[in-house]
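This report goes through one protein model, from single side-chain pairs up to the packing of helices. The structure is shown first and the text follows.

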Amino acid sequence: MSDLSDVIRLLPTMKSGSELLSALEVLPEYNAAICDADAPVRFMALSDLYRVYVPNQMSLEIYSKLYLALMRSLQKKGTKLAVQQQNQNFKAIMQQEYSGIMGGSDSFTIIGASGIGKSSAISRAITLITENRIIEVDNPYTKIIPCICVQCPFDSSVKGLLLEILRKVDEVIDGNYYPNALRARTTTDMLIGSVSQVALNHIGLLVVDEIQNVCNSKNGKSLVGMLTQLINNSGISICMVGTPESAVFFEQAMQLARRSLGLRYDVMGYGEDFKMFCGVLYSYQYVKQRTEITDAVMAWLYEHTSGNISVVVSLIHDAQEIAILSGREVLNLESLNEAYQQRLSMLHGFIQPRQKCQTSKTKRKTTVAKVDAHVESDGEFTIAGLVSQAKAEDADIVELLKNHLPVVEVAV
């Protein structure tokens with residue numbers, strides 16, 4: 001018989017290293033014979049590209065962060081403090097008397113640029129941690145949902161988010177919390193007490209996605225304050241996921257910043273991880289003439305996606321689609337460039353082609369020999385010095401610059 005105080009023993013064993021990488025990886029089955037099938041069949045199979053998941057360092061860190069946060073939350077279930085908090089939450093619902101006994105600051109953020117795979121990494125980690133099942137405890141009998149994922153309302157409505165949490169809980173445990181809340185027409189204050197009670201009894205970890213919606217809403221700080229109160233009244237861990245825009249919001253005040261410590265990521269650099277990811281995607285070819293990926297193709301992909309994983313997937317998918325429709329039946333730079341120009345035109349303003357060397361190499365410092373009094377003693381010249389020299393000698397500043405820098409004159 002399982003006891004609520006030992007609920008963490010029911011979690012799957014935490015994985016690490018190569019075992020974790022293998023468990024997180026998703027590679028759909030591929031049969032090269034499909035390249036000879038009819039076009040509609042290949043178009044349907046081509047969508048498997050969107051199911052490919054190749055874990056990286058970000059995936060490992062997110063998995064560890066979520067697993068440990070869930071463990072901290074479950075350790076509080078069934079304790080004396082949890083029972084006392086249940087009584088206080090009941091008073092909060094009936095008498096509007098708020099008192100957070102559980103306390104703690106178990107909230108953190110996962111912030112990263114759009115399209116780098118945050119949501120996919122979180123989804124894979126949760127699937128691995130929870131094994132897609134709920135935890136049933138016999139003493140006392142209760143059902144605990146290891147993780148609930150909700151989306152921050154576009155208008156940062158506090159009541160909307162609270163009702164969404166209740167609806168998600170009902171979906172999993174087949175409860176009636178959501179319809180009861182609607183029927184009773186509960187106020188926001190009463191809802192906070194109700195959701196705190198539900199979270200204390202049934203939720204391990206709460207993930208709030210699209211948290212950047214709080215940035216441009218007058219209700220933003222109220223929603224973050226509600227999440228803080230939910231932590232104090234339920235003891236659960238809360239993970240907030242958003243774009244870099246949300247970091248600016250949380251940096252406004254100390255009470256917001258201390259709730260948003262966590263993980264932060266940018267687009268992938270041009271390195272082994274990016275090359276391996278491109279190689280895996282390139283192996284899923286559905287055109288009749290199969291080609292192998294080259295260093296030139298990988299460099300082109302990076303230059304035209306800036307290392308954004310979701311854009312790489314869309315580009316290779318649409319390039320194959322265009323190649324099949326046009327009858328060329330080959331995945332090459334021509335197909336990729338056509339997909340970039342036609343299908344990704346709306347992203348051109350956000351993803352500017354750039355050379356990979358600009359992200360991996362620093363600019364080399366150019367030194368010049370000392371030529372006159374306007375050149376510094378360490379061999380460096382100054383623009384101000386050259387301007388002064390041009391004025392004193394009535395010389396052309398362009399000619400002086402040519403002595404120190406490569407200058408290209410453009411007619412206007």
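Arg51 is partly exposed in this predicted model, because its relative accessibility is 49%. Its salt-bridge partner is Asp48, and the closest N and O atoms of the two are 3.0 Å apart. Asp48, in contrast, counts as buried because its relative accessibility is 16%, and the cut-off for that class is under 20%.

**Salt bridges**

The pair of Asp48 and Arg51 belongs to a structure in which a full search finds 10 salt bridges. Three of the pairs are set out below.

| Pair | N to O distance | Relative accessibility |
|---|---|---|
| Asp48 and Arg51 | 3.0 Å | Asp48 16%, Arg51 49% |
| Glu321 and Arg343 | 2.8 Å | Glu321 21%, Arg343 34% |
| Arg328 and Glu338 | 2.8 Å | Arg328 24%, Glu338 23% |

A salt bridge joins the side chains of Glu321 and Arg343, with 2.8 Å from N to O. This pair connects distant parts of the chain: Glu321 sits in helix α14 (residues 309-326), while Arg343 sits in the loop between α15 (333-342) and α16 (357-360), 22 residues away. Glu321 is partly exposed at 21% relative accessibility, and Arg343 is partly exposed at 34%.

Arg328 and Glu338 also meet through their side chains in a salt bridge, at 2.8 Å from N to O. Arg328 is in the loop between α14 and α15 and Glu338 is in helix α15, so this bridge ties together parts 10 residues apart in sequence. Both ends are again partly exposed, Arg328 at 24% and Glu338 at 23%. Elsewhere, Glu164, Arg167 and Glu171 are joined into one network by salt bridges with shared partners.

**Packing of α14 with α15 and of α12 with its neighbours**

How are α14 and α15 set against each other? Their axes lie 8 Å apart and the helices pack at an angle of about 110 degrees. That angle makes α14 roughly perpendicular to α15. On the α14 side the contact consists of Leu315, Ile316, Asp318, Ala319, Ile322 and Ala323, and on the α15 side of Ser335, Leu336, Glu338, Ala339, Tyr340 and Gln342. Sorted by class, this contact holds eight nonpolar, two polar and two charged residues. Glu338 is thus named twice, in the contact with α14 and in the salt bridge with Arg328.

Helix α12 (residues 272-282) has Phe274, Phe277, Cys278, Val280, Leu281 and Tyr282 as its buried residues. These buried residues pack against α13 (295-303), α14 and α15. An α-helix has 3.6 residues a turn, so residues three or four places apart point the same way.

**Packing of α8 with α9**

A further helix pair is formed by α8 (residues 188-202) and α9 (residues 220-234), whose axes come within 9 Å and cross at roughly 50 degrees. The two helices are therefore oblique to each other, and their crossing is right-handed. From α8, Ile192, Val195, Ser196, Ala199 and Leu200 take part; they meet Met226, Gln229, Leu230, Asn233 and Ser234 of α9. The classes here are six nonpolar, four polar and no charged residues.

**Two residues with positive phi**

Most residues other than glycine have a negative phi, and most peptide bonds are trans. Ser156 has a positive phi, near 55 degrees, although it is not glycine. It lies in the loop between β3 (141-151) and α6 (158-173). Ser156 counts as buried because its relative accessible area is 0%.

Asp174 is another non-glycine residue with a positive phi, near 60 degrees. Its place is the loop between α6 and α7 (177-184). Is Asp174 buried or exposed? Asp174 is exposed because its relative accessible area is 69%, and the cut-off for that class is over 50%.

**The chain as a whole**

These details belong to a protein chain with 18 helices and six strands. The protein chain has 412 residues, and 45% of them count as buried. Taking contacts between residues at least 6 apart in sequence, 75% join residues at least 24 apart.

Definitions and conventions. Residues are numbered from 1 along each chain as its sequence is written. This is a predicted model: local features need pLDDT of at least 70, side-chain atom pairs count only at pLDDT 80 or more; totals for chains, interfaces and linings use all residues. Side-chain values use heavy atoms; hydrogens and water are left out. A salt bridge is a side-chain nitrogen of Lys or Arg within 4 Å of a carboxyl oxygen of Asp or Glu. Buried means under 20% relative accessible area, exposed over 50%, partly exposed in between (1.4 Å probe, protein chains only). Helices (H or I, at least four residues) and strands (E, at least two) are DSSP runs, numbered from the N terminus. Axes are lines fitted to C-alpha atoms, for helices over the stretch in contact, and angles run from 0 to 180 degrees between N-to-C directions. Angles under 35 degrees count as roughly parallel, over 145 as roughly antiparallel, 65 to 115 as roughly perpendicular and the rest as oblique. A crossing is left-handed if the near helix is turned anticlockwise from the far one by less than a right angle, and right-handed if clockwise. Contact means heavy atoms within 4.5 Å. Ala, Val, Leu, Ile, Met, Phe, Trp, Tyr, Cys and Pro count as nonpolar, Asp, Glu, Lys and Arg as charged, and the others, Gly among them, as polar.
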